Amino acid sequence: MTKKLSLRFLILFGLASASFAQESPTPTAIPEQSALPSPTISPSASAAPTRSVPLRFVPPPMEGTISLGIWDSNDKLVRVLHRESKIDIFTIDENALKTTWDGKNDAGEDLTPGKYRARGYLVAKLQVEDAGKVTAPPDGVTDRISVKLVANPLISDTRSVMELGVGFDSKASFFKTMDGLPLATINEAPNLSRVMIEKDGEKSANIWQEDGTGVEHLHASNIDKMMAFDCGFFELK
């Protein structure tokens, strides 16, 4: 409602400004003999058209944050469009949530026209506990586990069981899909050099993250509280 009122106010303000400009007194004309010649305007290069691809999806019936990615025709992730976004940042449109994609990859480069697909996950809040420092992770731990997700009753999706990976960047460790879509922050920590995971039952996991000064042991639960959704295929012009 606030967005709609703001838009109406801006439209009314623009109309009032235009009306005022039309009713303003006409300035005194410069005598013909003192008029300067009109400057020559050089044609400028036309700017590239702005691309805007609308994407709509019905949010899964669960509270949490949304991570949404764009995949190309080779099923390669080319853009992380939303990362742990709250639902209220999306526009409500035609009984669905709406966002837009500018046709660029994560490096800001325009992608070639063709068929693409948008899909994502809604992730409930994790429960992460600090289990203390250890000298090293146990033998046999890896960077991924298999997790059975909460089924989304709104769609038929083959991603009910997924390979859940762990990764890190300059700010934190996080859960991710194995093709690189970040899903949920595990622990905010800079300077990480390695993150490993081991399953602990069906709904939790042990995580070890190393930063060069030691290894921190974390325990995360509610890792199964994720639902997949799909925006479908579309053509990028």
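Reader: Which residue forms a salt bridge with Lys 104, the closest N and O atoms being 3.0 Å apart?
Author: Keep in mind that this is a predicted model. Lys 104 itself is partly exposed, with a relative accessible area of 26%. Its salt-bridge partner, with the closest N and O atoms 3.0 Å apart, is Asp 110.

Reader: And which salt bridge does Lys 225 form?
Author: Lys 225 counts as partly exposed at 26% relative accessibility. The other side of the pair counts as buried, at 8%. The closest N and O atoms are 3.5 Å apart, and the partner is Asp 224.

Reader: Which residues do salt bridges that share partners join into one network?
Author: We've already met the pair Asp 110 and Lys 104. Shared partners bring in one more residue, Arg 51. So the network, joined through those shared partners, is Arg 51, Lys 104 and Asp 110.

Reader: How many salt bridges does the count come to?
Author: The pairs above are among them, including Asp 110 with Lys 104 and Lys 225 with Asp 224. Arg 83 with Asp 169 is one of them too, at 3.5 Å between the closest N and O atoms. The count comes to 12.

Reader: How many residues apart in sequence are the parts that Arg 83 and Asp 169 tie together?
Author: Arg 83 lies in strand β3 (residues 77-85), while Asp 169 is in the loop between β9 and β10 (172-177). Arg 83 is partly exposed at 36%, and Asp 169 is partly exposed at 28%. Given where the two lie, the pair ties together parts whose separation in sequence is 86 residues.

Reader: Is Arg 119 buried or exposed?
Author: Arg 119 has its place in strand β6. Its side chain makes a polar contact with the side chain of Asp 75, at 3.0 Å. The cut-off for buried is under 20% relative accessible area. Arg 119 has 9%, so it counts as buried.

Reader: What about the greasy interior: how many residues does the largest nonpolar core have?
Author: Several strands give two or more residues to this core, including β6 (114-123), β9 (161-168) and β15 (226-236). Those with the most contacts inside it are Tyr 121, Leu 164, Phe 175, Leu 183, Ile 207 and Ile 223. Apart from it lies another core, of 22 residues, with Val 78 and Phe 229 among them. The largest core has 27 residues.

Reader: Which residues is Leu 164 in contact with, leaving aside its neighbours within four places in sequence?
Author: Leu 164 is one of the residues with the most contacts inside the largest core. Its contacts include Phe 175, Leu 183 and Ile 223, which are on that list too. Beyond those three, it touches Asp 143, Arg 144, Ile 145, Val 147, Lys 176, Met 178 and Met 226.

Reader: Which residues make the nonpolar surface patch of about 240 Å²?
Author: Val 58 lies in the loop between β1 (53-57) and β2 (65-71), and it is partly exposed at 45%. Leu 154, in the loop between β8 and β9, counts as partly exposed at 47%. Val 58 is in contact with Leu 154, as well as with Asn 95 and Ala 96. The patch is made by Val 58, Leu 154 and Ile 155.

Reader: Zooming out, what percentage of the chain's residues count as buried?
Author: The chain has 1 helix and 15 strands. Its accessible surface comes to about 15,100 Å², with 55% belonging to carbon and sulfur atoms. Of the 237 residues, the buried share is 37%.

Notes
Residues numbered from 1 in each chain as written. Predicted model: local features only at pLDDT ≥ 70, side-chain atom pairs only at ≥ 80, totals over all residues. Heavy atoms only, no water. Core = buried A, V, L, I, M, F, W, Y, C linked by side-chain atoms within 4.5 Å. Buried < 20%, exposed > 50% of the residue type's maximum accessible area, 1.4 Å probe, protein only. Helix = DSSP H or I, 4+ residues; strand = E, 2+ residues; numbered from the N terminus. Contact = heavy atoms within 4.5 Å. Polar contact = N/O pair within 3.5 Å; in protein donor to acceptor, adjacent residues only side chain to side chain. Areas by Shrake-Rupley, 256 points an atom, 1.4 Å probe, with all protein chains shown as cover. Patch = residues over 30% accessible without salt bridge, like charges linked within 9 Å, V, L, I, M, F, W, Y side chains within 5 Å. Salt bridge = Lys/Arg side-chain N within 4 Å of Asp/Glu carboxyl O.
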